[in-house]
Amino acid sequence: MQLFHAPRSCSLGVRILLEEIGVPHQVKTIDLSSGQQRDVAFLAVNPKGKVPALLRDDGTVLTEFQAIALWLARRFPEAGLLPDGTDAAARVIEAMEFIVGTVHMRGFALALMPGKFVSSPSAQEELQTHGMRVATDGLRHVSSLLDEALWLSGSRPGVADAALFYVTHWATALNVNLPAPLRAFYDQMLKRPSVLRALDGSSI
Ligand SMILES: N[C@@H](CCC(=O)N[C@@H](CS)C(=O)NCC(=O)O)C(=O)O
């Protein structure tokens with residue numbers, strides 16, 4: 001398999017899942033800062049011009065974080081990335097969807113790149129403030145899910161935890177003060193060899 005990945009982007013979560021599974025894979029780095037996601041060669045892989053994109057062994061490409069995470073969990077059930085029971089699995093997907101759909105897409109995406117949405121400096125500032133509020137409120141909610149558990153996905157880190165790691169990684173880089181359960185989660189994740197490999201040894 002080949003993962004199309006950009007360092008410090010949401011594809012970090014998929015990289016962590018591949019490392020947790022321990023399946024051989026290649027990482028193809030896409031440089032978002034130079035616009036490589038809009039190159040013809042990458043658009044042939046993912047016409048949406050986004051990472052993550054996973055080229056699978058049958059030659060087909062899967063995109064969108066949650067779809068890739070679900071496919072990996074089902075394809076490699078022995079890795080325990082998603083609980084077996086329908087209700088428990090639905091709860092994990094509920095958390096993962098909130099992290100990707102709200103904390104990332106309606107929070108950090110606006111806070112980190114307001115210029116993609118509006119042009120005037122004052123509108124960008126307003127959007128940035130709004131995005132940070134959505135992201136931090138969202139992180140507080142997710143932290144409450146960790147009050148009685150270290151991981152969102154069950155007895156070990158799984159699909160929702162991989163999503164949570166990449167947003168807490170962004171939060172940390174932005175000096176957001178994480179609530180205690182989330183800080184404990186982040187610190188535990190940083191101790192995992194899979195996470196260190198996915199970060200290429202870099203904690204930023
Ligand atoms: N909803 C998509 C979001 C993917 C996404 O926004 N990826 C960002 C990196 S975090 C990207 O590739 N941005 C490049 C661009 O928009 O030009 C998913 O869940 O995979």
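A residue counts as exposed when its relative accessible area is over 50%, as buried when that area is under 20%, and as partly exposed in between. In this predicted model, R8 has a relative accessibility of 53% and therefore counts as exposed. The points below turn from the backbone to the buried faces of two helices, then to the aromatic rings and a patch on the surface.

**Backbone features**

- Most residues other than glycine have a negative phi, and most peptide bonds are trans.
- R8, which is found in the loop between strand 1 (2–5) and helix 1, has a phi near 65°, a positive value in a residue other than glycine.
- E64 also has a positive phi, near 75°, and its place is in the loop between strand 4 and helix 3; with 44% relative accessibility, E64 counts as partly exposed, because it lies between the limits for buried and exposed.
- The peptide bond that joins V51 and P52 is cis, with omega at about 0°, and P52 is found in the loop between helix 2 (40–43) and strand 3.

**Buried faces of helices 3 and 7**

- In helix 3, which spans residues 65–75, the buried residues are F65, I68, A69, L72 and A73; seen down the helix axis they fall within an arc of 130°, so they line one face of helix 3.
- These buried residues of helix 3 pack against helix 1 (11–21), strand 3 (53–55), strand 4 (61–63), helix 4 and helix 6 (159–173).
- In helix 7, which spans residues 180–190, the buried residues include L182, F185, Y186 and M189; because they fall within an arc of 95° when seen down the axis, they line one face of helix 7.
- The partners against which the buried residues of helix 7 pack are helix 1, helix 5 (121–145), helix 6 and helix 8 (193–198).

**Aromatic rings**

- A pair of aromatic rings is described by the distance of the centres and the angle of the planes.
- The count of aromatic pairs in the model comes to six, and one of them is the tilted pair of F4 and F42, with 5.7 Å from centre to centre and 50° between the planes.
- This pair links distant parts of the chain, since F4 belongs to strand 1 and F42 to helix 2, 38 residues apart; F4 counts as buried because its relative accessibility is 9%, and F42 is buried with a relative accessible area of 4%.
- W151 and F185 form an edge-to-face pair, with 6.0 Å from centre to centre and 75° between the planes; here too the pair links distant parts of the chain, with W151 in the loop between helix 5 and helix 6, F185 in helix 7, and their positions 34 residues apart.
- Both W151 and F185 are buried, and F185 is also listed among the buried residues of helix 7.
- One aromatic cluster is formed by F65, F108, Y166 and W170, and F65 is also one of the buried residues of helix 3.

**A nonpolar patch on the surface**

- L112, M113, F117 and L174 form a nonpolar patch on the surface, and together they have about 350 Å² of accessible area.
- Within this patch, L112 belongs to helix 4, which spans residues 86–112, and L112 counts as partly exposed because its relative accessibility is 41%.

How values were computed:
Residues are numbered from 1 along each chain as its sequence is written. This is a predicted model: local features need pLDDT of at least 70, side-chain atom pairs count only at pLDDT 80 or more; totals for chains, interfaces and linings use all residues. Side-chain values use heavy atoms; hydrogens and water are left out. Patches are made of residues with over 30% relative accessible area and no salt bridge: like charges are joined within 9 Å, nonpolar side chains (Val, Leu, Ile, Met, Phe, Trp, Tyr) within 5 Å. Accessible areas come from the Shrake-Rupley method with a 1.4 Å probe; for residues, only the protein chains shown count as cover. A salt bridge is a side-chain nitrogen of Lys or Arg within 4 Å of a carboxyl oxygen of Asp or Glu. Helices (H or I, at least four residues) and strands (E, at least two) are DSSP runs, numbered from the N terminus. Buried means under 20% relative accessible area, exposed over 50%, partly exposed in between (1.4 Å probe, protein chains only). The arc is that of the directions from the helix axis to the C-beta atoms. Contact means heavy atoms within 4.5 Å. Rings of Phe, Tyr and Trp (its six-membered ring) pair if their centres lie within 6.5 Å; planes under 30 degrees apart count as stacked, over 60 as edge-to-face and the rest as tilted.
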